[in-house]
Amino acid sequence: MKKKKWLMAVVILAVLVSALLYTLLMGHQADTDYNEASTNNAETDEPFNIISFEDGKANGFVGRAGSEVVSVTDKENHTEDGKHALMVEGRAVDWHGPTLRVEKYIEQGSEYKVVAWVKLIDPARATIQLSTQIGDGDEASYINLSSITANANDWVKLEGTYRYNNLSSGYVTIYFETIDNPAASFYIDDVQLEKTPSQAVEVQEDLKPIKDVYEDDFLIGNAISFQTLQGIRFDMLEMHYNSATAENAMKPGELQPEKGQFKFSSADKLVDAMLDVGIKVHGHTLVWHQQSPDWMNTFIDNEGNKVYLSRDEALENMRTHTKTVVEHFGDRVISWDVVNEAMNDNPPNPANWRASLRQSAWYHAIGDDYIEQAFLAAREVLDSHPDWDVKLYYNDYNDDNQNKSKAIYNMVKEINEKYQQEHPGKLLIDGVGMQAHYSINTNPKNVALSLERFIELGVEISVTELDIRAGENHKLTDKLAKEQGYLYAQLFELYKENADHIARITFWGMDDGTSWRAVNTPLLFDSNQQAKPAYYGVIDPTEFILEYSLEEADIR
């Protein structure tokens with residue numbers, strides 16, 4: 001009996017010791033997990049020391065393409081007492097240039113200023129651009145921070161700011177490129193990255209949601225990238241918009257970079273994220289002369305020359321891409337830009353729309369019926385799925401140019417009338433997309449004329465990429481801000497008057513900081529996501545026009 005009690009005591013003691021050890025171990029693990037979580041969420045940004053290249057090293061700068069030559073040289077420097085700078089040579093494409101990983105210096109939600117000095121080597125004049133990349137591969141976003149036209153032998157300053165609201169990718173760079181001379185060579189020196197005093201911002205919840213104001217008129221959309229899926233920009237998207245267009249993720253070069261190798265995962269993430277919160281998706285774009293891989297319509301011959309494919313080969317590539325993509329996304333999208341930007345700017349004889357077409361690789365490989373063929377391929381998929389309600393659009397810019405809008409009108413009219421000969425009562429092209437990349441000098445009367453012309457076609461109209469350039473060098477004066485708001489108000493009065501024919505109004509960017517035209521501050525919200533006069537011009541165009549007119553009258 002004593003032996004049993006002794007054994008029982010040993011067992012109980014062992015259990016107690018095990019429990020104690022387990023508690024200590026789990027406590028340590030919990031502390032470790034907490035510390036890791038704290039580290040991941042705390043202000044972990046390291047100080048960034050000015051890179052002057054005086055140590056003779058590139059300090060992390062490498063070539064974006066890998067083919068350009070990035071090296072430290074003593075041939076030039078920016079500061080009087082310096083001896084070195086970074087030299088960039090051997091470039092062949094505009095986006096080639098030096099890049100630097102900087103995510104370890106950045107705290108999510110904070111705004112940072114980037115400063116660098118650049119000096120052009122060759123040619124005598126070129127525009128150099130400073131940008132930031134967030135995310136890598138298919139999910140990357142590219143934001144222009146600053147650009148300047150430089151003269152050879154003069155040091156010039158590039159300076160821009162950006163608020164990094166989404167660092168979930170763990171990948172951020174700053175980089176330099178040119179936008180008008182792919183072979184330009186240049187120096188960079190004295191690169192700085194510093195957090196600004198600007199405080200983190202929140203959504204202005206007291207604003208009227210734009211989608212609610214126009215809920216009885218048309219959908220209100222915006223362009224999205226992976227940076228939109230987290231933080232304040234996602235909150236703004238949910239608050240103000242009920243439709244979305246992928247800025248890049250659904251373009252041909254992203255979905256099928258190599259023949260037969262379709263890559264849908266990134267685009268699917270964007271589409272699914274929108275559908276999860278009740279936002280409808282427009283597909284952009286199937287056939288375009290840009291951001292499409294060369295293999296689709298050209299090849300390199302034995303002598304190294306780029307040659308157009310035969311009509312049959314190029315047509316097969318176009319049809320396969322169009323049918324595969326439309327089939328894949330199905331009725332998860334409400335519409336497609338089937339063909340994008342096929343028309344020349346300001347064609348002299350718009351009555352001859354075929355002669356007005358852009359001489360793109362698609363045009364040369366297939367012929368002037370490539371547009372019709374693209375729509376036929378997309379329509380074939382939709383005809384096999386009669387339960388899908390998906391509209392097929394032709395999309396183009398400079399739609400306020402009357403010659404261009406006439407050429408587009410003539411093209412859509414002829415293609416649809418031809419199709420109706422065999423398919424009475426049906427349209428091949430369902431809609432015309434007016435991109436609406438305007439400036440404060442745009443005459444709204446010209447926009448109205450083009451809109452009325454497209455309405456006559458009996459098709460659906462959408463304003464697909466709306467923005468209005470106003471400022472310069474990322475700055476907007478009060479006067480220009482009001483003029484920008486006034487034009488937005490004029491346009492939305494026009495759109496509301498024609499709401500029966502308009503399906504969707506899409507702004508091209510969430511705020512000035514993410515706009516592809518950031519230098520011209522073209523959107524409704526500034527780079528800190530705060531409402532500008534442009535927002536109020538959209539929300540209540542009649543009132544804004546009245547107040548603006550009274551103010552102008554007082555000035556006069």
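A cavity, as the word is used here, is a set of grid points where a 1.4 Å probe fits but cannot get out, and a residue belongs to its lining if it has an atom within 4 Å of a point. Keep in mind that this is a predicted model.

With that in hand, let's start inside the protein. There are two cavities of 30 Å³ or more. The largest cavity holds about 40 Å³ of space. Around it you'll find Val287, Trp288 and His289, then Val339, Asn340, Glu341 and Ala342, and finally Arg358, Ser360, Trp362 and Tyr370. Two strands, β13 (280-288) and β16 (335-340), each supply at least two residues of that lining. As for chemistry, the lining of the largest cavity is a mix: six nonpolar residues, three polar and two charged.

The second largest cavity comes in at about 30 Å³. Its lining is made up of Ile224, Ala244, Thr245, Ala246, Met250, Leu270, Val271, Met274 and Val281. Here β12 (243-246) and helix α5 (265-276) are the elements that give two or more residues each. Charge is missing from this lining, which counts eight nonpolar residues and one polar.

Ile224 is a handy place to move on from, as strand β11 covers residues 219-224. Follow β11 across to β21 and you'll see four bridges joining the two strands, which run parallel. One pair to look for is Asn222, whose bridge partner in β21 is Phe507. How many residues of β21 (502-507) are buried? Five of its six, so the strand is mostly covered, with buried meaning under 20% relative accessible area.

β21 also pairs with strand β20 (residues 460-469), again in parallel and again through four bridges. Phe507 turns up here too, standing opposite Leu466 of β20. To get from β20 to β21, the chain passes through helix α11 (residues 478-497), and this β-α-β crossover is right-handed. Phe507 therefore makes a good landmark, as a bridge partner of Asn222 by DSSP pairing and a residue opposite Leu466.

Now for a sheet with another layout. Five strands form an open sheet in the order β1-β4-β9-β6-β7, and the pairing is antiparallel. Why do β1 (62-63) and β7 (141-151) each have one side without a neighbour in the sheet? They stand at the edges, so each has a single partner strand. Further in, three bridges join β4 (residues 98-101) to β9 (residues 172-178), which run antiparallel. In this pairing, Arg101 has Thr173 of β9 as its bridge partner. Strands of a sheet pair through backbone hydrogen bonds, either parallel or antiparallel.

The edge strand β7 leads us to the last stop, the second largest pocket, which has about 480 Å³ of space. Its lining takes in 20 residues, and those nearest the centre are Leu145, Glu159, Asn473, His474 and Lys475. The elements giving two or more residues to this lining are β7 and β8 (155-163). Which of the elements gives the most? That would be β7, with five residues. In character, the pocket lining divides into 10 polar residues, six charged and four nonpolar.

Methods. Residues numbered from 1 in each chain as written. Predicted model: local features only at pLDDT ≥ 70, side-chain atom pairs only at ≥ 80, totals over all residues. Heavy atoms only, no water. Buried < 20%, exposed > 50% of the residue type's maximum accessible area, 1.4 Å probe, protein only. Right-handed = clockwise from strand over helix to strand, strands pointing away. 1 Å grid on protein atoms, 1.4 Å probe; cavity = no way out; pocket = protein on both sides within 12 Å on 5 of 7 lines; lining within 4 Å. Points joined across faces, edges and corners; volume = space filled by probe spheres on them. Nonpolar A, V, L, I, M, F, W, Y, C, P; charged D, E, K, R; others polar.
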